[in-house]
Amino acid sequence: MTSKTAALPELTRDNCVNETCPWSGKAVSSDSLTYYRGHVVGFCNPGCKDKFEAATEAFDARLEGI
Ligand SMILES: [Zn+2]
């Protein structure tokens, strides 16, 4: 038996926890999905995803220093 770390769900819109972009309220696009704390989260375009990733990275970096 191999011990696996928690497997991430597939990066698809079906697994996405939100249906609309938190920035714009527009429908999530299948090319703008990413992971957050093991869940698939989605955005209306890659620019929104990048904005989210930049924000969470900043917070994660701060939390690691505490
Ligand atoms: Zn958006």
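The following questions and answers concern a predicted model of a single chain.

User: What is the order of the helix and strands along the sequence of the chain?
Analyst: The secondary structure of this predicted chain comes to one helix and two strands. Read along the sequence, these elements follow the pattern β-β-α.

User: Which element of the chain has the highest mean pLDDT?
Analyst: Over the chain, pLDDT averages 92, and 92% of the residues score at least 70. Among the elements, H1 has the lowest mean, 95. The highest mean, 97, belongs to S2.

User: How many bridges join S1 to S2?
Analyst: Strand S1 covers residues 33-36, and S2 covers residues 39-42. The two strands run antiparallel, and one of the pairings places tyrosine 35 opposite its bridge partner in S2, valine 40. The number of bridges joining S1 to S2 is four.

User: Which residue takes a positive phi in the hairpin of S1 and S2?
Analyst: The hairpin has two residues between its strands. Most residues other than glycine have a negative phi. In the loop between S1 and S2, a residue that is not a glycine nevertheless has a positive phi of about 50°. That residue is arginine 37.

User: Is arginine 37 buried or exposed?
Analyst: Arginine 37 lies in the loop between S1 and S2. A residue counts as exposed if 12 or fewer other C-beta atoms lie within 10 Å of its own. Arginine 37 has 7 such atoms, so its class is exposed.

User: How far apart are the end C-alpha atoms of helix H1, and what span should its residues give?
Analyst: Helix H1 comprises 19 residues, 46-64. At 1.5 Å a residue, the helix should span 27 Å. The distance between its end C-alpha atoms agrees with this expectation, at 26 Å.

User: What is the count of buried residues in H1?
Analyst: In the chain of 66 residues, 12% count as buried. Helix H1 is hardly covered. Among its 19 residues, the count of buried residues is one.

User: Is tryptophan 23 exposed or partly exposed?
Analyst: Tryptophan 23 is found in the segment before S1. The exposed class ends at 12 other C-beta atoms within 10 Å, and the buried class begins at 20. Tryptophan 23 has 14 such atoms, so its class is partly exposed.

User: With which residues is tryptophan 23 in contact, leaving aside its neighbours within four places in sequence?
Analyst: Tryptophan 23 stands 23 residues from proline 46 in sequence, and their C-alpha atoms are 12 Å apart. Once neighbours within four places in sequence are left aside, the contacts of tryptophan 23 are Phe43, Cys48 and Lys51.

User: Is serine 24 buried or exposed, and which residues does it contact beyond its neighbours within four places in sequence?
Analyst: Serine 24 also belongs to the segment before S1. With 12 other C-beta atoms within 10 Å, serine 24 is exposed. Its C-alpha lies 8.5 Å from that of phenylalanine 43, although the two are 19 residues apart in sequence. Beyond its neighbours within four places in sequence, the contacts of serine 24 are Cys44 and Cys48.

User: What share of the contacts with a separation of 6 or more comes from residues 24 or more positions apart?
Analyst: Along its principal axes, the C-alpha trace spans about 40 × 35 × 15 Å. Within this chain, residues 24 or more positions apart account for a share of those contacts equal to 26%.

How values were computed:
Residues are numbered from 1 along each chain as its sequence is written. This is a predicted model: local features need pLDDT of at least 70, side-chain atom pairs count only at pLDDT 80 or more; totals for chains, interfaces and linings use all residues. The expected span of a helix is 1.5 Å times one less than its number of residues. Two residues are in contact if their C-beta atoms, placed from the backbone, lie within 7 Å. Two strands pair if DSSP finds at least two bridges between them. pLDDT is the predictor's confidence in each residue, from 0 to 100.
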